[in-house]
Amino acid sequence: MTYPLFCMGNPLLDIQVKANDELLARYNLKSNDAILADESHMSLYEEITAFPDVVYVAGGASQNTARGAQRLLPPKSVVYVGATADDKFSAQLVAAAKADGLTTEYVHIPGTLPTGTCAALISGHDRSLVTKLSAAEKLTVDHIKADRTWNLVKGAKVYYVEGYFLTVTPEGILEIAKHAAAENKTFTMNLSAPFIPQFFTKVLDEVMPYMDVVFGNEGEAEAYALAHNLPDPKDVKAVATYIAKLPKVNSQRERLVVFTQGVNNTIVAKADGSIQEYPIIAIPENEIVDCNGAGDAFCGGFIAKLVQGEDIAASIEKGHYLAHAVIQQVGPTYPAHIKQD
């Protein structure tokens, strides 16, 4: 079985609660950020599972994107690969993926590590994500090169990998990226969070020459600019153009850099220096439930159109459509009306 779109990342179960400033301060968290958990955060998970409003949602950035793309594409168009334990959390992820028609090929990691979880702390329209990777970080390049997974890689024509995965196996990402370049397929990645360009600069720079489409938001653009000593880190257009012009292995495809900016226009930069801007779909403040997964949903809509060979404008339009739907839901979930075009 081959799937046109291959997505890879960290499968996580989101533990989502409404958070106040006191909770965020106690764990030294920003209201709108994404980080990896350290020892100081371990009690957070136990604390929030006791909240009366706790909600469990299938998460993991790339998996959110994969579920959204599959909703818009014909059946069996998308496969998602990541590592989990063989436990109840993994079973919940499988069930959520099936509900969206997504095929999952989880690598089950033996031992005592559980499936990864993410504390999603919602305050207003912000979300603070604190991720405990657990089994997810045990995926290796050997798992990816094994026949079961590599046959899926070879069968695909478009690839989407979350930037978070650079913390797990940059070697595995490079194997897929090199395959895509050699076969003139489309390789895409998301910067995912400011800490990726900030602290994983070297491995990000190693994969960048293979990226045909780079996704991110204004915060990640600024973090990239600071890590690379660009003159004006807050000039999102300049950062996007800089990345678009970086050297590229597959010269047959021009790199696109797509940066969302919350309520502001989404921008697309090309290597020729051109910038296009696309307004988002306006929404009344009182209709926004939460913004967790909005960026992932945008990428799902964009990539669905990319798989179908549509142009940039159509891809952006579908990305905005899917993000607009998700922010009216609890967590990264897709309403029933989101279906194949």
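Trainee: Let's start with the open sheet: what is the order of its nine strands?
Mentor: Keep in mind that this is a predicted model. The pairing in the sheet is mixed, and E6 and strand E14 (275–278) are the edge strands, each pairing on one side only. Read from one edge to the other, the order is E6-E5-E1-E9-E10-E11-E12-E13-E14.

Trainee: In which sense do strands E5 and E6 pair?
Mentor: Look at residues 78–84 for E5 and residues 103–108 for E6. Tyr 80 stands opposite Thr 104 in E6. Six bridges join the two strands, and the sense is parallel.

Trainee: And the β-α-β crossover from E5 to E6, is it left-handed or right-handed?
Mentor: Follow the chain out of E5, through helix H4 (residues 88–99), and into E6. H4 packs on the sheet and touches both E5 and E6, with its direction at about 165° to that of E6. The crossover is right-handed.

Trainee: Which residue of E5 is the bridge partner of Met 8?
Mentor: Strand E1 (residues 5–8) pairs with E5 in the parallel sense, over four bridges. Within E5, the partner of Met 8 is Val 81.

Trainee: Which helix gives the most to the largest nonpolar core?
Mentor: That core has 63 residues, and those with the most contacts inside it include Met 8, Ile 173 and Phe 187. Ile 173 is in contact with Met 8, Phe 187 and Val 207, among others further off in sequence. Residues 170–182 form the helix you're after, and it supplies six core residues: H7.

Trainee: Which strands does H7 touch where it packs on the sheet?
Mentor: The direction of H7 makes about 145° with that of E10, so to speak of its neighbours, start there: strand E10 (186–190) is one of them. The full set is E1, E9 and E10.Trainee: Is Gln 70 buried or exposed?
Mentor: Gln 70 lies in helix H3 (residues 61–72). Beyond its close sequence neighbours, Gln 70 touches residues including Pro 75, Val 78, Asp 100 and Leu 102. Its relative accessibility is 4%, and the cut-off for this class is under 20%, which means Gln 70 counts as buried.

Trainee: What about helices H10 and H11: at what angle do their axes cross?
Mentor: The contact involves, among them, Ala 221 and Tyr 224 of H10 and Val 239 and Ile 243 of H11. The crossing is left-handed. The axes come within 9 Å, and the angle is roughly 65°.

Conventions
Residues numbered from 1 in each chain as written. Predicted model: local features only at pLDDT ≥ 70, side-chain atom pairs only at ≥ 80, totals over all residues. Heavy atoms only, no water. Core = buried A, V, L, I, M, F, W, Y, C linked by side-chain atoms within 4.5 Å. Buried < 20%, exposed > 50% of the residue type's maximum accessible area, 1.4 Å probe, protein only. Contact = heavy atoms within 4.5 Å. Pairing = 2+ DSSP bridges. Right-handed = clockwise from strand over helix to strand, strands pointing away. Axes fitted to C-alpha atoms, helices over the stretch in contact; angles between N-to-C directions. Left-handed = near helix turned anticlockwise from the far one by under 90°. Lists of a residue's contacts leave out its neighbours within four places in sequence.
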